[in-house]
Amino acid sequence: MKFVTVQELEGEKLEEQESHVLLRDPIKSLRKVSNEYQKYFEKIKLWMVNSTATGGGVAELLPRNINILRQLGIKCEWGVLQVENPEFFNITKRLHKSLQGFAEKKEESEFSDADRVTFEEVIKINAPTLLDQVQENDVVIIHDPQPLPLILALREKFGDKIICVWRFHIQFDDKDESSKAAWEFLRKYFEKFDLCVFSTKEYVPAELKEKSVVIPPGISSLGEKNIDLSLRAATQILVRAGICSTEGGDEQVEAPFEHQAKRFCPDGQWRVPADTHLGLLSHPVITQISRWDPLKGWPMLLKAFQKMKESAVEKSDEKEEEDRRRQIRASKLVLGGPDPSAVKDDPEGARVLEELKNLFLALPEELQNDVAIINFPMDSVAENALMVNATQRASSVIVQNSLKEGFGLTVSEAMWKTLPVVVSGYCPGLCAQVRDGIEGRHVLGPAHGPYDETKYFDELVKILSELIGDEQLRLKMGIAAQKRIQEVFLTYNPLSVWIAAVGKLVEKRENTAAHS
C-alpha cells in the first residue's frame with residue numbers, strides 16, 4: 001500500500017471559499033456540524049483506502065474531502081492499494097459488473113475459491129503497511145469492493161477497538177442473480193463493518209438497513225474541474241489543450257499544455273483536435289465525458305446522435321421547425337474519456353474504446369466530421385481537470401447515458417456549470433441529481449416498464465432533438481441545475497453527514513467503554 005501525499009490546494013481554504021455567495025450557507029452548516037462533533041475527533045485519525053490514486057470519481061473526491069476535513073481539525077490520511085497481479089483487477093471488474101446486474105456471461109458472476117485466493121492474497125501484501133500506521137480508536141473507511149478483505153487483517157489485529165466503515169459507490173441490483181452471487185462472495189467481509197455508506201436509498205440492501213446511512217457524493221466548486229471560467233479563460237484552455245485552434249492563425253497567448261488531448265481520426269490515427277477543425281466553439285455540442293466503461297452506453301449514444309442528425313436532413317418550410325432542424329444539422333458530438341492506460345483498476349477501458357473507434361470508422365464521412373472521440377491525458381491531474389471543465393462549458397447538453405451508475409459525478413459537475421443533463425431513468429443515482437423536466441431529462445425509467453433497448457433508444461433520440469432545438473429550454477434547465485447542486489450536492493453537504501455519522505459511532509463506542 002502506498003500513502004498519497006495530499007497537498008493543500010491553492011484557493012481552497014474554507015475562509016476564502018466563504019466569500020463566494022453560493023458557498024456561504026453550505027460552509028456555515030458544515031462548520032456547525034464539525035463544531036458539534038469536534039471533541040470526538042481530537043484523539044483519532046481517519047484512514048481512507050481505495051484502489052487507485054487517479055481515474056474515476058473516488059480518486060477525484062478524496063483529495064478535496066481530505067483537505068476540507070483537515071481544515072476542520074480532523075486528521076485524515078489516504079492509502080492506495082499497490083497491485084502487481086493483473087488478475088486482481090479482472091476479478092474486481094467482474095464483481096463490479098455483477099453487483100450492478102450487468103455480467104455479460106454467466107461465468108463472469110461465478111466466483112471460485114481460486115478467485116478468493118487471488119483477491120485476498122493481493123490484500124495480504126498491502127495490509128502490513130496500513131496496520132503499521134493505524135492506531136486503536138482510529139476510523140478506517142474502505143471505498144468499494146477492491147480493498148474489502150483488509151477488514152480481516154484489521155479485525156484480527158484490533159478487534160472492535162477501531163471503527164471500520166465501508167463506502168459502496170456503485171449501483172447495486174439485489175434482484176439480479178449475478179448481483180446475488182457477487183454479494184455472497186463479499187459477505188464474509190462486509191458483515192464485519194460497523195457502518196456501510198451508500199449513495200442512494202435504492203442501493204441499500206434490506207439486510208444492511210440497520211447499519212447503513214445514505215450519503216451522496218458531492219463536488220468541489222473551486223477545483224480545476226469546476227471553477228468558474230470566463231469565456232476567454234475557457235477558450236484559452238481549449239487552445240492550450242489542443243482541442244481548439246486560435247482564430248486566423250493568431251499567436252497563442254499562453255504556452256500549450258505539455259500533454260495534449262488527442263482526437264481519433266477517420267484514418268485511424270490520433271491527432272491533436274485543433275488540427276482537425278472540430279468547431280467546438282461555434283456549434284451546438286452534445287457531450288459525454290466518462291470512463292471508457294461498457295456500462296456508460298457509448299455505442300448507443302453515438303447511434304442516437306446519428307439518428308438525430310438523419311432526422312433533420314430535409315429542410316422545412318415552417319420557419320420555427322427549420323430553425324430547430326438547422327441547430328440539429330449543425331450539432332456536434334464529443335465523446336471524451338481518460339487515456340485507458342492511466343486507469344489501472346479498469347482493464348476493460350481499452351476494449352470499450354476500440355469498439356467505439358470501430359463504430360466511428362463505419363459512419364458516413366460527413367458524420368465523422370461531426371463526431372469527436374477524445375482522449376484526455378492523465379499525466380497532469382490539474383491540466384486534465386481544466387480540459388474537462390472547458391470542454392463541458394463549451395457544450396450545450398451533457399449526457400450520462402449509463403446503463404448502470406453508482407452516482408455519476410460528471411452529472412453534478414455539468415449541472416454546476418448551468419448545463420442541462422440527460423440521464424438514464426433506470427439509474428437511481430443519476431435521477432437523484434437530475435429531476436426530469438427540471439434540471440434535464442430522464443430517458444424513460446421504471447414507470448415506463450422494464451428496460452427495453454429499442455424504446456430507450458427512440459426516446460434518447462427524441463430528447464436530444466428537443467434539447468438541441470430549444471435553446472431557451474436549455475437555459476431554463478441550466479439555471480435550475482446549478483441551484484440544485486448548491487442546495488444538495490456541493491461537497492460541504494455530504495461532508496456534514498459524514499462527520500455526524502462517524503462522530504456518532506465514536507460517541508457510541510466511548511459511551512459503551514465508559515459503562516463496561
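**A β-α-β unit, three cysteines and a one-faced helix**

In this predicted model, strand S5 (residues 163-168), helix H7 (residues 177-190) and strand S6 (residues 195-198) come together as a right-handed β-α-β unit. S5 and S6 run parallel and are joined by 4 bridges. Within this pairing, Phe168 is found opposite Phe198 of S6.

On its other pairing, S6 meets strand S7 (residues 212-214), again in a parallel arrangement, here through 3 bridges. Phe198 recurs in this register, standing opposite Val214 in S7. Phe198 thus makes a handy landmark for the reader following the strands on screen, with Phe168 opposite in one pairing and Val214 opposite in the other. The side chains of S6 can be sorted by direction: Leu195 and Val197 point one way, while Cys196 and Phe198 point the other way. Both sets are buried.

Cys196 leads naturally to the cysteines. Across the whole structure, the search returns 0 disulfides. Cys76, for one, takes part in no disulfide, and the nearest cysteine sulfur, belonging to Cys164, is 14 Å away. A disulfide requires two cysteine sulfur atoms within 2.5 Å. Cys76 is nevertheless buried, with a relative accessible area of 2%. For Cys164, the closest cysteine sulfur is that of Cys196, at 11 Å, which is too far for a bond. Cys164 is likewise buried, at 0% relative accessibility.

Attention now turns to helix H10, which covers residues 319-330 and has 12 residues. At 1.5 Å a residue, H10 should span 16 Å, and because its end C-alpha atoms are 16 Å apart, the expected and modelled spans agree. Four names make up the buried set of this helix: Glu321, Glu322, Arg325 and Ile328. Viewed down the helix axis, these buried residues of H10 fall within an arc of 115°, so they line one face of the helix.

What does this buried side of H10 pack against? Its partners are helix H9 (298-311) and helix H16 (453-468), with which the buried residues of H10 are in contact. The face turned away from the buried side presents a contrasting picture, carrying the exposed residues Lys319 and Glu320. H10 therefore has its buried residues gathered along one face, and exposed residues, Lys319 and Glu320, on the face turned away from them.

Key:
Residues numbered from 1 in each chain as written. Predicted model: local features only at pLDDT ≥ 70, side-chain atom pairs only at ≥ 80, totals over all residues. Heavy atoms only, no water. Buried < 20%, exposed > 50% of the residue type's maximum accessible area, 1.4 Å probe, protein only. Helix = DSSP H or I, 4+ residues; strand = E, 2+ residues; numbered from the N terminus. Expected span 1.5 Å × (residues − 1). Arc of directions from axis to C-beta. Contact = heavy atoms within 4.5 Å. Pairing = 2+ DSSP bridges. Right-handed = clockwise from strand over helix to strand, strands pointing away.
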